[in-house]
Every structure is written in structure tokens, then in C-alpha cells.
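Colleague: Thanks for making time for this. Could we go through the strands, the helix and the charged pairs together?

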Amino acid sequence: MQSRLAGTTRAQRLAALGRFISAGLLPRNVIAAGGLATQAYVNDLADTILERLPSRQFQKLQVEEEITEVEIQDTITEPVRGLWKTSGSAEVDIEIASIEMDGDIYVDDPNLTSIYTEPNGTRAWVRGFGGSMSPYDTGGAYGKRGLVFYDDVYNNFYSTHSGLVVGVDTSLSENVQLGIFGNYGNINLTQFAGRDTGGGSWNPNGYGGGVMASYWADNFYVQGAFGATAFSGDNKRQVKIGTIVNETYTATKNTTSYMGTVRVGAPFTWGSAILEPQATAIWNGNEDASYTESGRYRGFALKLNSYSDNFLRTALGAKLAWPIKQGERKLIVPNIKVAWLADWDTNNGAVKFKRAHTRTGRKARTAEIPSNQDTQYGVLLEGGVDYAIAQGPTTAWKLYAKGGAKLWVNKAADWRTSGGITFQF
């Protein structure tokens, strides 16, 4: 080992020492595991919970007792003429179909944005989602001690995640609903090997739940949700030093990930489409428990202290939807969404660690790696389709699917997708 640290000059020997410590005695990118990987899961979980799904809204036609049977027949067979509001002063004359449900006559609500109104009642739903996260900055040299540099502290990584969320919500009034949800998720984080370091991974599963609430009118809504997910899985670190050592050190890493989110929107009609400006904020706080590695050579095992970090992402943009009525009860709504993303620097603290085992009577020295977080900007481009089948005046099946990309200024693009089904009764 000493021969490999030898060099012709002192600077070369110090550089070799730095490479040795980086390879054998430093954790892999601590900003990724329990940090950016869980943040990506929470961001997509929040967006999935906040998804608003449309359905056709029907108004009961009030028929006066004096009208004759012939007049009633005319009311049923002849389309009702109505006006759809637009964003300007112009009005568009369209036909509003009338249908019979449970012996009563109903017509479509002429207000186009009403398709997002939730009638009094209860909804049960299940949705799935997935996405990815890549690093903003990699490589670099941190931990200078004299002339010793520890390269690749922020090694390259890539994580994917998937999840399932089920929920039930009910109306407290005509414009307010409250609900609960439960979620499951898994994260697959791969830490790539660097020039002088081995790779690694973290593959946890997580279970959680929370509460949600919303208020809406035809041209305004606000939604919010809060929840927590407990993740647990093996964290692996490869220690590879030339042909001398090639071992994997493993520990169970537990993280509790909290989520708080709010979205505000103001949909309005634009001709035969709906334009919906949106503002969304998603907070994610992680509490990572301490863990101690185990492996073949005790001298390379590390102990990481417990630590916490926080993340905040905002999105400001708009969704454009084109409602298309099919038959008497069906509705299909293609849509696109564009938003400006900001991932804010929340001044996360350093992660502290030390050697897990030392010689008898010696105390391990604690070292730390600071966060390399910076505010990042990007653009979300997303498209999808909603499909609803009305079963009655207030009951319906709703399905949706969507997917898109987050295009960042300073890193590779990330993707996300989600879909699900809701029964409104």
C-alpha cells in the first residue's frame, strides 16, 4: 500500500494519498441519497395528488306543470341553444344536448370551466406515477487538508422512482372537499464510479400517507396536501483501490420524507378551450437516520451521523385543455402544460461522518461534506389526455394519463409520468 502512495515529489505523494482516501474512506454522493432522490419522488407524488380531472356537469331542466305533453316531447328532442362564455366580449352560439336520467331531463352546464367542478359527494381514486433525477453538479474536489484533495466527492449518479397513491375525499360543502391518501414508492439510485472511487447504490421502498383539501369556484381554486413517507433500503458503497481492495460496504439507510404542497389556479375560457394559469410550491423535508456500514475490512467501514435537509421547488405556468364532448355522457380532454421551474437553494447543512471502527483507545475524527446545492432553473413540458364517462347527474368514471420532461439549464433533462382512475359517486 505504501508503495502505491510513493511519488517523486511531495505533491505527488499527497495527491496519491487524496485518491486513496477518496476511494476508501469517503461516502458516495451524500447529496443524492436521502436528498435529491427523495425530493424527486416527493415532487411527483405531490403533482399526482393535485391532479384535477374533468367530467361533464349536468343541470336539471325545470319543467312547469302547465306545459303539454307535446311541448315536453319537443323539449326532449330539440337541442337547447346556449351561450358559452369566452375570455373576450364575443359569444359563441353552440348546441347543448339534453338527456334523460332517472326520469328527469338534464342539460350540460353552459359554463365551460364547470367541467372541473366537483359535485357534492365522495370520490375514490388510485393513481400511479414515475420519474427520474440527475445531478446538477458532479466531480469537484472538496475536503482540502493541506495539499491533500479528495476528488469526486460529488460523484455522478442517476435515480428513478415509481409510486402508487390511493385516496378518498368527500365534500364538506359545495366548494370545499377534504380527503386522505396513502402511498407506496420505491427509489433506484445508482452512484456511478469516478476516476478514483467505486460506485454505489440506494434502493429503498417507502410507505406513507397524508391529508389533502381543496376549494374551488368556476374561475379559481386552491389545493393543498401534507404527508410523510418512511423509506428503508440497503445503501451500498464500493471500495475499490487498484487490484488490492474491491469490496462492497452495506448499511440499512432509513429516511423519513415529509411533503407539503399548495397549488393555486385561475381557469378561464379561451374560445372553445380552457386556459388555466397555475402556481405550485412543493416543500420536501428529509430526516435521515444515522447508519454504520459493514464489510470485509473493518478499517474501511464508515458511520454517517443523522442529518436533515430541505428542498423547495416552484412551478409557474399554464395548462391548455380542449374539452371534446362525445355522445350524451362522454368527455375527452387533450391538454398540454408549460411551466417555469425553480429549485431553490435552501442552505442545507453538511453531512458528518467518521470511521466506524478504530484501534482500541482511539476516537474517530469526525469529518463533513457540505451541500453543493445552488438554485436551478428549468422548463416543464408536458402533455396528456383526460377521459370521463358520466353515469348519472353526479356520478362518473374519470381516467387520465400524462407525461413530459423537465428541461434544466445546468443539467440533463428529467422525465415524469402519471395516470389513474377516479370513481365519483
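Colleague: Happy to start with a charged pair: are Lys-402 and Glu-382 buried or exposed?

Modeller: Bear in mind that this is a predicted model. The side chains of Lys-402 and Glu-382 meet in a salt bridge, 3.6 Å from N to O. Buried here requires under 20% relative accessible area, and on that cut-off both Lys-402 and Glu-382 are buried.

Colleague: Which strands hold Lys-402 and Glu-382, and how many residues apart are they in sequence?

Modeller: Lys-402 lies in strand β24 and Glu-382 in strand β23, so their salt bridge ties together two separate parts of the chain. In sequence, those parts are 20 residues apart.

Colleague: Which residues are joined into one network with them by salt bridges that share partners?

Modeller: The structure holds 18 salt bridges. Some of them share partners, and the network that includes Glu-382 and Lys-402 also takes in Asp-47, Glu-51, Arg-263, Lys-319, Lys-337 and Arg-416.

Colleague: Nice. How many residues apart are Lys-398 and Glu-118?

Modeller: Lys-398 forms a salt bridge with Glu-118, and their closest N and O atoms are 3.2 Å apart. Lys-398 sits in strand β24 (residues 396-408), while Glu-118 is in the loop between β5 (104-108) and β6 (122-133). Both Lys-398 and Glu-118 are buried. The pair links distant parts of the chain, with a separation of 280 residues.

Colleague: And which strands does the salt bridge between Lys-253 and Asp-288 link?

Modeller: The side chains of Lys-253 and Asp-288 meet at 3.4 Å, N to O. Both Lys-253 and Asp-288 are buried. They are 35 residues apart, with Lys-253 in strand β13 (residues 245-265) and Asp-288 in strand β15 (residues 273-288).

Colleague: Let's turn to the sheets. In the open sheet of four strands, which strands stand at the edges, and why is one side of each left without a neighbour?

Modeller: The order is β16-β17-β21-β22, with antiparallel pairing. A strand with a single partner has one side left without a neighbour in the sheet, and that is so for the two edge strands, β16 (291-292) and β22 (367-369).

Colleague: What is the bridge partner of Lys-303 in β21?

Modeller: Strand β17 (residues 302-304) and strand β21 (residues 351-355) run antiparallel and are joined by three bridges. In β21, the residue partnered with Lys-303 is Lys-354.

Colleague: Which strands does β20 pair with, and over how many bridges?

Modeller: With strand β18 (residues 307-321), strand β20 (residues 330-344) pairs over ten bridges in the antiparallel sense, and Leu-312 stands opposite Trp-344. With strand β19 (residues 324-326), antiparallel pairing runs over three bridges. With strand β23 (residues 376-390), β20 pairs antiparallel, Pro-334 standing opposite Val-385, and the number of bridges there is 14.

Colleague: Which residue in the turn between β19 and β20 has a positive phi?

Modeller: β19 and β20 form a hairpin with three residues between them. Beside the turn, Gln-326 has Lys-330 as its bridge partner in β20. The residue with a positive phi, about 65°, is Gly-327.

Colleague: Last one: how far apart are the end C-alpha atoms of helix α2?

Modeller: Helix α2 (residues 10-24) has 15 residues, and its buried residues include Leu-14, Phe-20 and Ile-21. At 1.5 Å a residue the helix should span 21 Å. The model agrees, because the end C-alpha atoms are apart by 21 Å.

Methods: Residues numbered from 1 in each chain as written. Predicted model: local features only at pLDDT ≥ 70, side-chain atom pairs only at ≥ 80, totals over all residues. Heavy atoms only, no water. Pairing = 2+ DSSP bridges. Expected span 1.5 Å × (residues − 1). Buried < 20%, exposed > 50% of the residue type's maximum accessible area, 1.4 Å probe, protein only. Salt bridge = Lys/Arg side-chain N within 4 Å of Asp/Glu carboxyl O.
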